[in-house]
Amino acid sequence: MKTQPSFTNKWLDRMRENAITRREAVQRAMLGAAGLWLGDHLGLSAFAAPQAPKARARSVIQIWMWGGPAHLDTWDPKPDAGYDYYGAFKTPIATNVDGLRVNELMPLLAKQADKYAVIHSMTHGVNAHETASYLVQTARQQGGRDVYPSAGAVVSLFKGYSGGYRGLLPPYIVLTEPQGRFSEAGFLGSRFKPFSTGGDPGAQRFAVEGIVASGISDKRQQDRRNFLHQLNTLKHAAPNDPQMLAADQTEKQAYDLILGDAGKVFDLSTEKNELRDRYGRNTFGQSCLVARKLVERGVPYVTINYKSGTWDTHKQNFQTMRRRLPEMDKGVATLLQDLADRGLLDSTIVWWCGEFGRTPKVQWEAPWNGGRGHWGNVFSAMVAGGGFKGGRVVGASDAKGEEVKDRPVHPADLIGTMYELLGIDCKARLPHPTGELATVVPTSSDDVKLGGRLTEIV
Amino acid sequence: MMNILLAVGVVFAVALGEAASPTARPTSVRTALATVPKPSPFETQADLTPRCPIDQLVFAKFKQFGIQPANLSSDATFLRRAYLDVIGTLPTPREAREFLNNKGPDKRGALIERLLTRDEFADYWANKWSDLLRVKAEFPINLWPRAAQAYHQWIWASIKSAKPYDRFVRELLTANGSNFRDPAVNFYRAMQNKDPQSIAQAVALTFMGTRSDKWPKETLAGMAAFFSQIGYKETSEWKEEIVFFDPDRIAAKNTNVVFQAAPVFPDGTAAKLSADHDPREVFADWLTKPTNPWFTRAIANRVWFWLLGRGIIHEPDDIRADNPTTNPELLEYLCQELINAHYDLKQLFRVILNSKTYQLSFIAKDARPEADAFFSHYLIRRLDAEVLADALNQVTGMPEHYTSAIPEPFTFIPEKQRSISLPDGSIGSPFLELFGRPPRDTGLESERNNRPTADQRLHLLNSSHVQKKIEESPKIQYIIRNAKRSGDAVTWLYLLILSRHPTPEEWQAVTAHSKAGVKDHEVAVDLAWALINSAEFLYRH
């Protein structure tokens, strides 16, 4: 090769400043051996906040009640509002906390009430699934050009590989399917999307997509891997191409999960049968168990996307609740107890919420036949652990559960409180693709309603 | 069976040429093996004399900066590259064999012409435009399925009929009518905010390749004024919306003062408007003039970016004074070429694809990162999510299951449909999500994320989704059943999956793998699996 004159144009300097250069890409690839998704996150640590509050929580388990369960039929029963409101559930049961009653089909959760706080006054006023899902999980109103990241993506940005996490398991995992209705990663881009497990934890064997393959022995995996390396002719022709280096890294880390120990976390047969029974031998119950195992390994954010059967009870609300509530009760109550027994509850936030509540007044007429519609004016959420105080009730809905009576809590208030417990500075900037100012949680200047952080329960 | 005739297979594959060396003749197999110690299936040693003005302009920069360009790509590499870049589709084994065996003088040029007329050309580029125009039924764009599909069909037909680009843009900007029956009006619906300023920002991003949020406020307000008289109204038909020029809209006294600005073009010239004249027409006149400083450059640079993987101005939708143009003469030439062709984008494709610059190998000889910006070699890029899904399905003959969050009749998609021709961003599959298909929120090119992640690797290496495609593939089964000689199966799998013949080294590796007491069926499945997981399958190169 001839001697090369140096590039001196002034724009080239700028290019060097702006672009990820080949050298840098190589360096990133070399550094990346520590963790599975690490390579992508280097360089973002600049966004970690200098004034971050002290972290009390390490992980979040988000129980996403897809469809929006009725607040009146779960945490906020209204036995005095009349039959047209309470419908089939007239007799709420007492909990182990004075003044808090819950649906009669939640007896196990009733015994755990000292561990959690119930918010009776969640509100955003939106009645469309996707917009409300977006709002509850991003704390942002829809509109403008940007789509913001969900809490899981934000937590994996700050608490994932650029926040000190070094596990092989991805920092943001969803059991078992992504929500799909909005891009969970928003403008942070697809590398902040959750790792979706696929498979069914309630099945004989939890076949996590990509990690646990059926019918392929470890030896054949290893043979195949060698075979692939021999046949990877293009890679051998351009071994130093940044794309090839990145591919090498992702492949190595994928095999660490396939053949190494980290993937064994999904093997539920190592858990005691008695405990598995207590969680409930169904997809949701066993998902709760997997979630516990994941946070035990330090995974910062786990979402259980509770879709099965759907909480979107437009029709025959009460029949659905009779079928579903016992399963939910068992799974969540056991999760709280199990986390507490293992000393994990102090460092793990459990967040139970749907995108909205449901119409307090029952729609008895056909075609609903005792259904409940969407209701964003007021609904309930439950939070536990990670610094949240148990045995508390925040706010109140009115006598019929139609409006907020006391202490409105907006999605940004709840998410902001969670972030602070996780040690994330709510005023920190998110890395925006075009460099626009985007803070972790909206401030009062962002045209978002705020009721204030949940200082009463932390 | 596979073991017996592998030795024959080696000779056979080499005899077919290409893999061993593009200059090897079938009659001199032994010589070819002896004289070419390390045959590369990817490049040739052909001379690098500039073939066209593009080459002259690009090679001049090589000279100026002492950049050593890559060799020219081999026929097999060019074939695969051209198919993927131009129609987002893999060549079939027959197409590959025919091209590789063709001894015609300008077979590359002839292939380019054929590709430009294929229906998949319209499929692939309609998909690209649907990203930029945010064709999506649901959140956060909310076009609604029927409107999204009408819009996609309009885009597809525009590309298929080679509608000149300036007319395409004018029709979008000046559209009036129903979202179902006059699909171009969906341009004004496919944005999260429909206030004049947001519309102006979308227009600037899409057709001027520039991010107007970096402009002075007054400039944006002046441009927004052209979009301040757009009316929207519902009809009695479910989800129909009429978009129309509404001259009374200003009289309605929009409370936001910013939108009360006088119409001024982004170059600072004030516009004169009469009260009954749709200002969008005036803006479209200004924008699509060949002398407009943004319009032609933005699209010429975009087309270059699409084909070469890097803009002459990069990123292609971030054109501004302080973002460098690496080769201004080249961009100027492309603009002239487009103007001379009356904005027929295919002509731009043609001149770029036929250049030696485009046909350089991906194997860089100059390791300096700056050399990339001068196009010293072809940039390796992972296949787009949709293209990868289609490629997997094409080589295995397996279907894909698509779903939409809106269970409307319009959103049920047959399993045989290809991902590049999905008409609506709300219709998809977990695979497309995982591999970074753009969410179509903003229309930025960077929304498409092709950076490899470990979960993508896991999926390709080991998921039931991909395993099933390989294990149950009717095509691979057919090859296993019908390969009379075992060498055939190997050759066929290579042609099917990588569009080329195996090299001697690859023959050796397959032989070694099949000797280890593995059943023929398993060898074939393992080979298919390995080729699908090889960089050569997963990356444009």
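Helices here are DSSP runs of H or I with at least four residues, strands are runs of E with at least two, and both are numbered from the N terminus. With that in hand, the tour can start in chain B, at Glu315(B), which sits in the loop between α13 (295-308) and α14 (328-340). The model is predicted.

**Stop 1: the loop between α13 and α14 of chain B**

Select His314(B) and Glu315(B) and look at the bond that joins them. This peptide bond is cis, with omega about 0°.

Now move to Asp317(B), which has its place in the loop between α13 and α14 of chain B. Is Asp317(B) buried or exposed? The cut-off for buried is 20 or more other C-beta atoms within 10 Å. Asp317(B) has 25 other C-beta atoms within that 10 Å, so it is buried.

Which residues does Asp317(B) touch, leaving aside those up to four places away in sequence? Select Leu205(B), Gly209(B), Arg211(B), Leu444(B) and Glu445(B) to show these contacts. Of the pair Asp317(B) and Gly209(B), the C-alpha atoms are 4.0 Å apart in space, while 108 residues separate the two in sequence.

**Stop 2: α3 against α14 in chain B**

Follow the chain into α14(B) and add helix α3 (residues 53-65) of chain B to the selection. Their axes come within 9 Å and cross at roughly 165°. Angles over 145 degrees count as roughly antiparallel, so α3(B) is roughly antiparallel to α14(B). The crossing is left-handed.

For the contact itself, select Pro53(B), Ile54(B), Leu57(B) and Val58(B) on α3(B), then Glu329(B), Leu330(B) and Tyr333(B) on α14(B). Colour them by class: 6 are nonpolar, none is polar and 1 is charged.

**Stop 3: α4 against α5 in chain B**

Next, select helix α4 (residues 75-87) and helix α5 (residues 93-101) of chain B. The two axes come within 10 Å, and they cross at roughly 135°. That angle makes α4(B) oblique to α5(B). Here α4(B) passes α5(B) in a right-handed crossing.

Which residues meet across this pair of helices? Asp75(B), Ala76(B) and Leu79(B) come from α4(B), and their partners in α5(B) are Ala96(B), Phe99(B) and Leu100(B). By class, this contact has 5 nonpolar residues, no polar ones and 1 charged.

**Stop 4: Pro140 of chain B**

Go to the loop between α7 (119-132) and α8 (145-160) of chain B, where Pro140(B) is found. Select Phe139(B) as well: the peptide bond from Phe139(B) to Pro140(B) is cis, with omega near -5°.

**Stop 5: the side of chain B that touches chain A**

Show both chains. How many residues are in contact between them? On chain B there are 59, and on chain A there are 66.

Select on chain B the helices α16 (369-373), α18 (430-434), α19 (454-462), α20 (464-471), α23 (504-515), α24 (520-532) and α25 (535-538); each supplies at least two residues of the side that touches chain A. The largest share, 7 residues, comes from α19(B). Coloured by class, this side of chain B shows 26 nonpolar, 21 polar and 12 charged residues.

**Stop 6: chain A as a whole**

Hide chain B. Chain A has 14 helices and 14 strands. Of its 458 residues, 56% are buried. Among its contacts between residues at least 6 apart in sequence, 72% join residues at least 24 apart.

**Stop 7: α14 of chain A**

Select helix α14 (residues 411-421) of chain A. How many of the 11 residues are buried? The count is 11 of 11, and the buried residues include Asp413(A) and Glu420(A). To see what they pack against, add β1 (59-64), α6, α7, β8 (348-353) and β11 (379-384) of chain A. After α14(A) comes Gly423(A), with a positive phi near 80°.

**Stop 8: two positive phi values in chain A**

Two residues other than glycine close the tour. Ala139(A) is in the loop between α6 (129-138) and α7 (151-159) of chain A, and its phi is near 65°. Ala139(A) counts as buried because it has 27 C-beta neighbours inside 10 Å.

Gln316(A) lies in the loop between β7 (301-305) and α13 (317-341) of chain A. Its phi is positive as well, about 50°. Gln316(A) has 15 C-beta neighbours inside 10 Å and therefore counts as partly exposed.

Technical notes:
Residues numbered from 1 in each chain as written. Chains lettered and ligands numbered in written order. Predicted model: local features only at pLDDT ≥ 70, side-chain atom pairs only at ≥ 80, totals over all residues. Axes fitted to C-alpha atoms, helices over the stretch in contact; angles between N-to-C directions. Parallel < 35°, antiparallel > 145°, perpendicular 65-115°, else oblique. Left-handed = near helix turned anticlockwise from the far one by under 90°. Contact = placed C-beta atoms within 7 Å. Nonpolar A, V, L, I, M, F, W, Y, C, P; charged D, E, K, R; others polar. Buried ≥ 20, exposed ≤ 12 C-beta atoms within 10 Å, placed from the backbone.
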